[in-house]
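Biologist: Before I plan anything at the bench, I would like to go through this model with you, one question at a time. Could you show it to me?

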Amino acid sequence: MTASADLVLASASPRRLDLLAQIGIVPARVDPADIDETPLKDETPRAHALRLACAKARAVADRQPGAFVLAADTVVACGTRILPKAEDEQTARRCLARLQGRRHRVYGGVCLIAPDGRQVSRVVQTVVTFAPLSEQQQRAFLAAGDWHGKAGGYAIQGLAAAFVTNLNGSYSNVVGLPLHETANLLAGLGYPVLR
Ligand SMILES: Cc1cn([C@H]2C[C@H](O)[C@@H](COP(=O)(O)OP(=O)(O)OP(=O)(O)O)O2)c(=O)[nH]c1=O
């Protein structure tokens, strides 16, 4: 019965919609959750990604009865520090200064709530390494503006790809949704995937 229920994507991110489409999943509706994304005191990046993904899914499931609700959250972390979503150039500059020439982690929280109320979630970790960047490279990147609204101030699917020397784990997780794990969560709760 639940196999034919609608899927609602609880996200304003067009990248998540594109990623789902890549594996043949087209949500019936997009209904972004508007929640407070401020980290709690001493919250780890992993716990933060999981908490926000579940809070987004819960907020939307409450107003979308009878549907599967999928939500996610992407967190870029330097050590235990959660990097902000870059909404201005100064924030993006600070993020880039931290990321260049070193390794960081990207945590993707995913949460799925089924029509019958069952809830499953995962956190997926990807390790990304950026090359050391010259002042000129950093200036050019910032001027291009491909940091706006992005966790950690970069988009691996955009210009920042030129900076990545190594990636260990799920690439789609960095873009915004770990596809393998998301497909498994959907299939596990009875939503048709690749059928
Ligand atoms: C690191 C990285 C992040 N991002 C984006 C994905 C997410 O949109 C954003 C992280 O913010 P999120 O809060 O996870 O997502 P969002 O605010 O865009 O949408 P919603 O909360 O409604 O689900 O950063 C990239 O597009 N590429 C990258 O390489």
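Modeller: Here is the chain, and please keep in mind that it is a predicted model. Read along the sequence, its elements follow the pattern β-α-β-α-β-β-α-β-β-α-β-α-α.

Biologist: How many helices and how many strands does the chain have?

Modeller: The pattern just given can be read off element by element, with each α standing for a helix and each β for a strand. Counted in that way, the chain has six helices and seven strands.

Biologist: What is the radius of gyration of the chain, and how does it stand against the globule rule?

Modeller: The globule rule gives 16 Å for 195 residues, and the value for the chain is close to that, so the chain is as compact as a globular protein of that length. Along the principal axes, its C-alpha atoms fill a box of roughly 55 × 35 × 25 Å. The radius of gyration itself is 17 Å.

Biologist: Which element gives the largest share of the shell around the ligand?

Modeller: The ligand is surrounded by 22 residues, of which S11, A12, S13, I156 and G176 are the closest. Two elements give two or more residues to this shell, namely β3 (68–78) and α5 (171–175). The largest share, four residues, comes from β3.

Biologist: Which class of residue, nonpolar, polar or charged, has eleven members in that shell?

Modeller: The shell around the ligand includes six polar residues and five charged ones. The class with eleven residues is the nonpolar one.

Biologist: Which residue does UniProt list for "active site", and is that residue buried or exposed?

Modeller: The UniProt entry, which is unreviewed, lists D73 under that heading, and D73 is found in strand β3. Not counting residues up to four places away in sequence, D73 touches A49, L52, A53, K56 and G109. Because 27 other C-beta atoms lie within 10 Å of D73, where 20 or more is enough for the term, the residue listed, D73, is buried.

Biologist: With which strand does β3 pair over nine bridges?

Modeller: Strand β1 (residues 7–9) runs parallel to β3 and is joined to it by three bridges, with L7 standing opposite F68. Strand β4 (residues 81–82) runs antiparallel to β3 and is joined to it by two bridges, and here A77 stands opposite I82. The pairing over nine bridges is antiparallel, with A72 opposite V110, and the partner is strand β5 (residues 103–113).

Biologist: Why is β3 described as largely enclosed by the rest of the structure?

Modeller: Across the whole chain, buried residues make up 39% of the 195 residues. For β3 the count is made over its eleven residues, and the strand is largely enclosed because the number of them that are buried is ten.

Biologist: Which residue takes a positive phi in the hairpin of β3 and β4?

Modeller: In this hairpin, two residues lie between the strands. The positive phi is near 65 degrees, and the residue that takes it is G79.

Biologist: Is R105 buried or partly exposed?

Modeller: R105 is found in strand β5, and, leaving aside its neighbours within four places in sequence, it is in contact with P45, A77, Q125 and V127. R105 and P45 are 60 residues apart in sequence, yet their C-alpha atoms are 9.1 Å apart in space. Because R105 has 17 C-beta neighbours inside 10 Å, it counts as partly exposed.

Notes:
Residues numbered from 1 in each chain as written. Predicted model: local features only at pLDDT ≥ 70, side-chain atom pairs only at ≥ 80, totals over all residues. Near = placed C-beta within 6 Å. Nonpolar A, V, L, I, M, F, W, Y, C, P; charged D, E, K, R; others polar. UniProt positions renumbered as here; feature names shortened; annotations may be inferred. Buried ≥ 20, exposed ≤ 12 C-beta atoms within 10 Å, placed from the backbone. Contact = placed C-beta atoms within 7 Å. Pairing = 2+ DSSP bridges. Rg over C-alpha atoms; globule rule 2.2 N^0.38 Å.
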